[in-house]
Amino acid sequence: MTVSTNTGNIRILTIAILMLSWSGGKIEAQIEVEIPKAALDSSLLHPPGNPDIYDFLSETNKYEAEIAELLNYAYSFKGTPYRFGANGPRAFDCSAFTRHIFKKYDLILPRTAQIQYTIGDEISVSDIKPGDLVFFRPRKHNSKRIGHVGIVTRTLKGKGFAFIHAARKRGVSESYSWQPYYSKRFAGARRII
């Protein structure tokens with residue numbers, strides 16, 4: 001937390017995540033909110049029956065912090081080989097990778113992409129955020145079956161999204177929704193966190 005004060009009616013800076021950014025192999029959160037000094041009067045911070053303003057700010061930021069931590073953990077496996085049926089951490093298939101990443105945060109996902117597609121909240125493409133699961137159909141993309149899953153790492157204005165997954169040829173790597181292989185097979189997204 002950064003706190004800066006002056007005498008008089010200057011402000012105090014405290015925590016609120018504005019955006020997530022990718023920087024040199026680590027997700028970073030830029031944090032800064034301005035709160036007028038007058039708003040920090042103890043009667044405003046602790047009104048009867050209302051949550052503390054600091055509790056509110058920490059709850060607001062909890063989601064972004066969890067997602068940044070989850071994605072950093074996912075990126076730590078970049079380059080890990082793909083092997084069908086492998087549960088990690090030395091090799092993964094796609095659903096074992098997502099299961100392994102979410103399990104570290106006490107979220108137990110089903111073992112297969114097909115069943116993972118049935119949990120959480122369905123999300124429209126325009127609402128996709130980092131941390132969401134994205135699902136793809138198998139090579140025969142007219143199939144109703146789900147054959148692949150990944151974790152959204154970032155959204156890219158007007159282009160779609162990037163996602164990390166265990167890919168057959170490249171192992172754990174990042175791909176993009178506009179790549180022809182994935183754009184033809186995209187089936188939907190789910191929010192677990």
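Does F163 count as buried or exposed, and at what relative accessibility? In this predicted model, F163 counts as buried because its relative accessibility is 0%, against a cut-off of under 20%.

F163 takes part in an aromatic pair with Y182. The ring centres of F163 and Y182 are 5.1 Å apart and their planes stand at 85 degrees, so the pair is edge-to-face. Since F163 belongs to strand β6 and Y182 to helix α5, the pair ties together parts that are 19 residues apart in sequence. Y182 is also buried, because its relative accessibility is 10%.

The count of aromatic pairs comes to 13. Another of them joins F136 and F186: the ring centres are 5.8 Å apart and the planes meet at 70 degrees, so this pair too is edge-to-face. F136 sits in strand β4 (residues 133–136) and F186 in strand β8 (residues 186–191), so the contact between rings ties together parts 50 residues apart in sequence. Accessibility separates the two partners. F136, at 1%, counts as buried, whereas F186, at 27%, counts as partly exposed. F136, F161, F163, Y181, Y182 and F186 form one aromatic cluster.

Two rings have a charged side chain over the face. R185 lies over Y181, at 4.1 Å from the ring centre, and Y181 is a member of the aromatic cluster. K159 lies over the face of W178, at 4.8 Å from the ring centre.

F163 also leads to strand β7. S173, placed in that strand (residues 171–176), touches F163 along with K78, I164, H165 and A167, leaving aside residues up to four places away in sequence. With a relative accessibility of 6%, S173 counts as buried.

The last feature is the largest pocket, which has a volume of about 680 Å³. Its lining consists of 27 residues, and those closest to the pocket centre are Y82, G147, H148, R168 and Y181. Y181 therefore appears in three settings: the aromatic cluster, the site under R185 and the lining of the largest pocket. Four elements each supply at least two lining residues: α3 (94–103), α4 (113–116), β6 (160–167) and α5 (180–183). The largest share, 3 residues, comes from β6, the strand that holds F163. By residue class, the lining divides into 11 nonpolar, 8 polar and 8 charged residues.

Notes
Residues are numbered from 1 along each chain as its sequence is written. This is a predicted model: local features need pLDDT of at least 70, side-chain atom pairs count only at pLDDT 80 or more; totals for chains, interfaces and linings use all residues. Side-chain values use heavy atoms; hydrogens and water are left out. Buried means under 20% relative accessible area, exposed over 50%, partly exposed in between (1.4 Å probe, protein chains only). Contact means heavy atoms within 4.5 Å. On a 1 Å grid over the protein atoms alone, a cavity is a set of points where a 1.4 Å probe fits but cannot get out, and a pocket is an open set with protein on both sides within 12 Å along at least five of seven lines; lining residues have an atom within 4 Å of a point. Grid points are joined across faces, edges and corners, and a volume is the space filled by probe spheres set on the points. Ala, Val, Leu, Ile, Met, Phe, Trp, Tyr, Cys and Pro count as nonpolar, Asp, Glu, Lys and Arg as charged, and the others, Gly among them, as polar. Rings of Phe, Tyr and Trp (its six-membered ring) pair if their centres lie within 6.5 Å; planes under 30 degrees apart count as stacked, over 60 as edge-to-face and the rest as tilted. A charge sits over a ring if NZ of Lys or CZ of Arg is within 6 Å of the ring centre and within 35 degrees of the ring normal.
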